[in-house]
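Please look over the chain shown here before reading on. The text walks through its overall form and then its individual elements.

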Amino acid sequence: MEMALKPLRHILTEYFSGSKLSIIILLASILSGSALSVFVPFYFSRQLDLLAAGAPTGQWVRAFWVYAILLGISVTLCSGVQI
C-alpha cells in the first residue's frame, strides 16, 4: 500500500505546487458566486421595501443599477464555474 501511495503523493504534490494560483482563483470564484447568488435576491427585496416606503427616485434607480450589476456578476461567476 505504501508503495502505491508514494508515487501518487509525488504526482499530487507536483500538480498542486504548479497550479496553486489556478486553484485559489477557482475557489475564490466559487465562493464569490455562491455568496452573490444568496445576497442579490436579498438586496433586491430590500430595494423593493425602500421603494414601497417612498424612497426618492434617484436612490432606488441607483439601487436597481447596483442590483443589475451584482446579478450579472453572480450569473457570470456561477456559469463560469459550471463549465
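What follows goes from the whole chain to its helices and then to single residues.

The model is predicted. The chain has three helices and zero strands, and its pattern along the sequence reads α-α-α. The C-alpha trace spans about 70 × 20 × 20 Å along its principal axes. The radius of gyration is 21 Å, whereas a compact globule of 83 residues would have a value near 12 Å.

Burial and surface can be taken together. Of the 83 residues in the chain, 16% are buried. The accessible surface is about 6,500 Å², and carbon and sulfur atoms account for 74% of this area. Among contacts with a separation of 6 or more, 63% are between residues 24 or more positions apart.

Helix H1 covers residues 2–18 and includes phenylalanine 16. Phenylalanine 16 counts as partly exposed because its relative accessibility is 42%, and partly exposed residues lie between the cut-offs of 20% and 50%. Together with Leu5, Leu8, Leu12 and Tyr15, Phe16 makes a nonpolar surface patch of about 470 Å².

Helix H2 runs over residues 20–52 and has 33 residues. From its first C-alpha to its last, H2 reaches 48 Å, close to the 48 Å expected at 1.5 Å a residue. Which residues in H2 are buried? They are Ser29, Gly33, Leu36, Val40, Tyr43 and Gln47. An α-helix has 3.6 residues a turn, so residues three or four places apart point the same way. What do the buried residues of H2 pack against? Their partner is helix H3, residues 57–82.

After H2 comes glycine 54, which has a positive phi, near 90°.

Glutamine 82 belongs to helix H3. Is glutamine 82 buried or exposed? Glutamine 82 is exposed because its relative accessible area is 69%, and the cut-off for exposed is over 50%. Glutamine 82 is also one end of a pair with isoleucine 30: the two are 52 residues apart in sequence, and their C-alpha atoms are 9.5 Å apart in space.

To return to the whole, the predicted model is a chain of three helices in which the buried residues of H2 pack against H3, while residues of the nonpolar patch, including Leu5 and Phe16, lie at the surface.

Terms used. Residues numbered from 1 in each chain as written. Predicted model: local features only at pLDDT ≥ 70, side-chain atom pairs only at ≥ 80, totals over all residues. Heavy atoms only, no water. Helix = DSSP H or I, 4+ residues; strand = E, 2+ residues; numbered from the N terminus. Rg over C-alpha atoms; globule rule 2.2 N^0.38 Å. Buried < 20%, exposed > 50% of the residue type's maximum accessible area, 1.4 Å probe, protein only. Contact = heavy atoms within 4.5 Å. Areas by Shrake-Rupley, 256 points an atom, 1.4 Å probe, with all protein chains shown as cover. Patch = residues over 30% accessible without salt bridge, like charges linked within 9 Å, V, L, I, M, F, W, Y side chains within 5 Å. Salt bridge = Lys/Arg side-chain N within 4 Å of Asp/Glu carboxyl O. Expected span 1.5 Å × (residues − 1).
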